[in-house]
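Student: I'd like a close look at a single part of this model, one helix and what surrounds it. Could you walk me through it, and then show me how the rest of the picture hangs together?

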Amino acid sequence: MTQEDGKRACGYRAAELIEDGMQVGIGTGSTVYFFIEKLIERVKSGLNITAAFSSIRSKNQAMEGGIPHIENDLFTKLDVTVDGADEIDAQFNMIKGGGGALLREKILATSSTKMIIIVDESKEVAKLGGAKLPIEICQFAYTATIDKIQNLGFNGEIRVDQDRFYQTDGGNFIFDLNLQSPIDNVQALHNQLITISGVVETGLFFNLDVKLIVGKKDGTLK
């Protein structure tokens, strides 16, 4: 048994919780891949849903499997969004955005009545801050935005993919903060960063109605 077995178990379990007629937000990442895989099976067996997606990768996987989609500019509310997390604490505060889709993930999350978060047990933490904190920033004058972030005492690096600056599906850059200590106040840190001109969104997620599903290495669920 491996970590993949835990991811598959919680992804499949989340797919079983989707009900007929729902509008479903679908996030991105290795655990969400298994959720989509199982959801495709359920749709082929007659489940009637529509879905919105935080990433092109998830959308392509779902549409190839026959999951009907909602155009991104045609929904205002979703019944549920299913997504992963880089870290999650006991209060369901999260760091997300390791896959680079944090802005779109947050739009889906805050447009949803509830969230189902699917993670393997390594993502559970007492306090956030062990993982890098992604910050989505505008391409325009990105050096000025990074300078403002660093002037607040934060260190990090702009994300690179194959010797180029990584671009989100929205065309923005990602600046990954290396946090030096656990986060004591998640909302306060978010508020501090989001007020910087050029910062589009932070990877801090909080104050959401969350159902957590955790997969263990032995393929069972917590």
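Tutor: Let's take α6: its buried residues pack against α4 (102-110), β7 (133-137), α5 (142-151), β11 (173-177), β12 (199-202) and β13 (204-205). Keep in mind that this is a predicted model. The helix itself covers residues 186-194, and its buried residues are V186, L189, H190 and L193. Those four sit on the same side of α6, because they cover an arc of only 100 degrees around the axis. The background is simple: an α-helix has 3.6 residues a turn, so residues three or four places apart point the same way. At the start of α6 there's also a polar detail, with a side-chain oxygen of N185 coming to within 3.3 Å of the backbone nitrogen of Q187.

Now for the nonpolar cores. The largest one has 24 residues, and I18, I26, F35, L39, I49, I67 and I118 touch the most other members. Two or more residues each come from α1 (3-16), β1 (23-26), α2 (30-44), β2 (50-53), β3 (78-83) and β6 (112-120). The top contributor is α2, which gives six residues. As for I67, its contacts beyond four places in sequence are I36, L39, I40, V43, I49, A51 and A62. Another core, of 21 residues, lies apart from that one, and I95, L128, I158 and L204 are among its members.

Some of the elements that feed the largest core are also linked through strand pairing. β1 and β2 run parallel and are joined by four bridges, with G25 partnered by A52 in β2. Put α2 together with those two strands and you get a right-handed β-α-β unit. β1 also pairs with β3, again in the parallel sense, over three bridges; there, V24 stands opposite V80 in β3.

One last stop: T113, which is in strand β6. Is T113 buried or exposed? It counts as exposed because its relative accessible area is 59%, over the 50% cut-off. Even so, T113 has contacts beyond four places in sequence, namely L78, D79 and D209. If you want a yardstick across the model, T113 and Y166 are 53 residues apart in sequence and 31 Å apart in space, C-alpha to C-alpha.

Definitions and conventions:
Residues are numbered from 1 along each chain as its sequence is written. This is a predicted model: local features need pLDDT of at least 70, side-chain atom pairs count only at pLDDT 80 or more; totals for chains, interfaces and linings use all residues. Side-chain values use heavy atoms; hydrogens and water are left out. A nonpolar core is a set of buried Ala, Val, Leu, Ile, Met, Phe, Trp, Tyr and Cys residues joined through side-chain atoms within 4.5 Å. Buried means under 20% relative accessible area, exposed over 50%, partly exposed in between (1.4 Å probe, protein chains only). Contact means heavy atoms within 4.5 Å. The arc is that of the directions from the helix axis to the C-beta atoms. A polar contact is a pair of N or O atoms within 3.5 Å; within protein, one must be able to donate a hydrogen and the other to accept it, and residues adjacent in sequence count only if both atoms are side-chain atoms. Two strands pair if DSSP finds at least two bridges between them. A crossover is right-handed if, with the strands pointing away from the viewer, the path from the first strand over the helix to the second runs clockwise.
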